[in-house]
Amino acid sequence: MTSLLPIRAAITGVHGYVPDYVLDNAELSRMVDTSDTWITERTGIKERRILKGEGLGTSHMAAEAVRGLMRKTGTKPADVDLLICATVTPDFVHPCTANLICDMVGIRNIGSFDVQAACSGFIYALAVARQFVAAGTCRKVIVVGADKMSSIVDYTDRATCVIFGDGAAAVLLEPSRDGTGIMDIILRSDGSGAKYLHQPAGGSRMPASAETVAKRLHSVYQEGAAVYKFAVAGMSEVTREIMARNNLRPDMIDWVVPHQANRRIIETTAEKLGLPMDKVMINIHKYGNTTAATIPLCLWDYEDKLKVGDRMLLAAFGGGFTWGGAYLTWAYDGAAAAGKGNGAGAV
Ligand code: COA
């Protein structure tokens, strides 16, 4: 008998990649005037990964994640209908990184494009991908969140360089008719927040010049305290709204998957919403803020704990400002799948 449930896009696989090089707080303390105590107390970060190697960009990490995802899920290049990459550190201004990833993993002749919504990029890309699957246009869509933040971080600015790291993770989306999958997504933006968090030079407003390089204007500019305040407000608002419109009480949620910007932002948001921390995925201590990669890297790290039907809330906030939330029910046995790939394991 045909199911009467609507077609939903469900995550049916996840895989991540982080570079081998570990930049820990001790090494950072030798580079700028900071300390392990300051970084740990203010952010919760102990170490982050850095992509080393001449000519390696974001696409390198994303392609590793996508290769692993395809291996784990038994997906062949010819099976993939669409690939979307969320990133704020594309290899080039153009062409987009998604095109390069497809070429690197042997996927040909499909639509592929980037989505740029800074730290909310993964939720934005998921929202786009979901429409293709739910509409029946695509059967297998890969969404990858990837950022080489070390390429736009000023390692003389102690207020920003301690926060960011490099990484990538990808999910496979497929149609689901069993009630699992993405139930709801909310996207928000406010361009007036650009002044608090942006990369001043390298775009059409201020193209690269000897002066922009000398003044370090190709790096992240951030007013940390202001961003902190907006991040807590935005993540709380969007999570509260998605819970209200889906009739979800805190006790009905199995997992919260927050963007990993700062452990204190996550804790404050969870407390405001009455969501206990043992349901909140955290891996910021290992990777720092990997921008578009944080949420899928959390799913990868926690995959072996995830059960069919687990109710999950995703929430992110980032440059733009952009923010967003998603509500989904998990579609597969995470422990069985994690056993098939080199999952990140314990968090
Ligand atoms: N080590 C030691 N001291 C540092 C430091 C570091 N790495 N970075 C900044 N400081 C100093 C500042 O210079 C300032 O010193 P002063 O009081 O003598 O002027 C002091 O610490 C407090 O600075 P402040 O910026 O108010 O600290 P904070 O408690 O707000 O923490 C952040 C700074 C960046 C960790 C915090 O604001 C934050 O996480 N903001 C959100 C950032 C974020 O999430 N960005 C990504 C968006 S998704």
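The paragraphs below go through a predicted model, from a sheet to a helix, a ligand site and one serine.

The sheet is open and consists of five strands with mixed pairing, in the order β1-β7-β6-β4-β5. At its edges are β1, residues 8–17, and β5, residues 111–115, each of which pairs on one side only. On average, neighbouring strands of the sheet are turned by 20° against each other, direction ignored. The edge strand β1 runs antiparallel to β7, residues 166–176, and nine bridges join the two. Within this pair, valine 14 has valine 171 of β7 as its bridge partner. Helix α11, residues 294–302, packs on the sheet and touches both β1 and β7. The direction of α11 makes about 85° with that of β1.

Helix α9 spans residues 263–273, and its residues Ile265, Ile266, Thr269, Ala270 and Leu273 are buried. Because these residues cover an arc of only 125° around the axis, they lie on the same side of α9. An α-helix has 3.6 residues a turn, so residues three or four places apart point the same way. The buried residues of α9 pack against helix α8, residues 224–245, and strand β11, residues 255–258.

Both ends of α9 can be described. At the N-terminal end, asparagine 262 acts as a cap, with a side-chain oxygen 2.7 Å from the backbone nitrogen of arginine 264. After the helix comes glycine 274, which has a positive phi, near 70°.

Asparagine 262 also belongs to the surroundings of the ligand. There are 24 residues around the ligand, and those that come nearest are Thr34, Arg42, Arg158, Gln222 and Asn262. An N or O atom in the side chain of asparagine 262 is 2.6 Å from an oxygen atom of the ligand. Nitrogen atoms of the ligand also have polar partners: a polar side-chain atom of glutamine 222 lies 2.7 Å from one, and a polar backbone atom of glycine 224 is 3.0 Å from one.

The last stop is serine 236, which lies in helix α8. Is serine 236 buried or exposed? Its relative accessible area is 3%, under the 20% limit, so serine 236 is buried. Leaving aside neighbours within four places in sequence, serine 236 is in contact with Thr269, Lys272 and Leu273. Thr269 and Leu273 are among the buried residues of α9. A polar atom of the serine 236 side chain lies 2.6 Å from the backbone oxygen of valine 232. Alanine 26 is 210 residues from serine 236 along the chain, and their C-alpha atoms are separated by 33 Å.

How values were computed. Residues numbered from 1 in each chain as written. Predicted model: local features only at pLDDT ≥ 70, side-chain atom pairs only at ≥ 80, totals over all residues. Heavy atoms only, no water. Pairing = 2+ DSSP bridges. Helix = DSSP H or I, 4+ residues; strand = E, 2+ residues; numbered from the N terminus. Axes fitted to C-alpha atoms, helices over the stretch in contact; angles between N-to-C directions. Contact = heavy atoms within 4.5 Å. Buried < 20%, exposed > 50% of the residue type's maximum accessible area, 1.4 Å probe, protein only. Arc of directions from axis to C-beta. Polar contact = N/O pair within 3.5 Å; in protein donor to acceptor, adjacent residues only side chain to side chain. Near = heavy atom within 4 Å.
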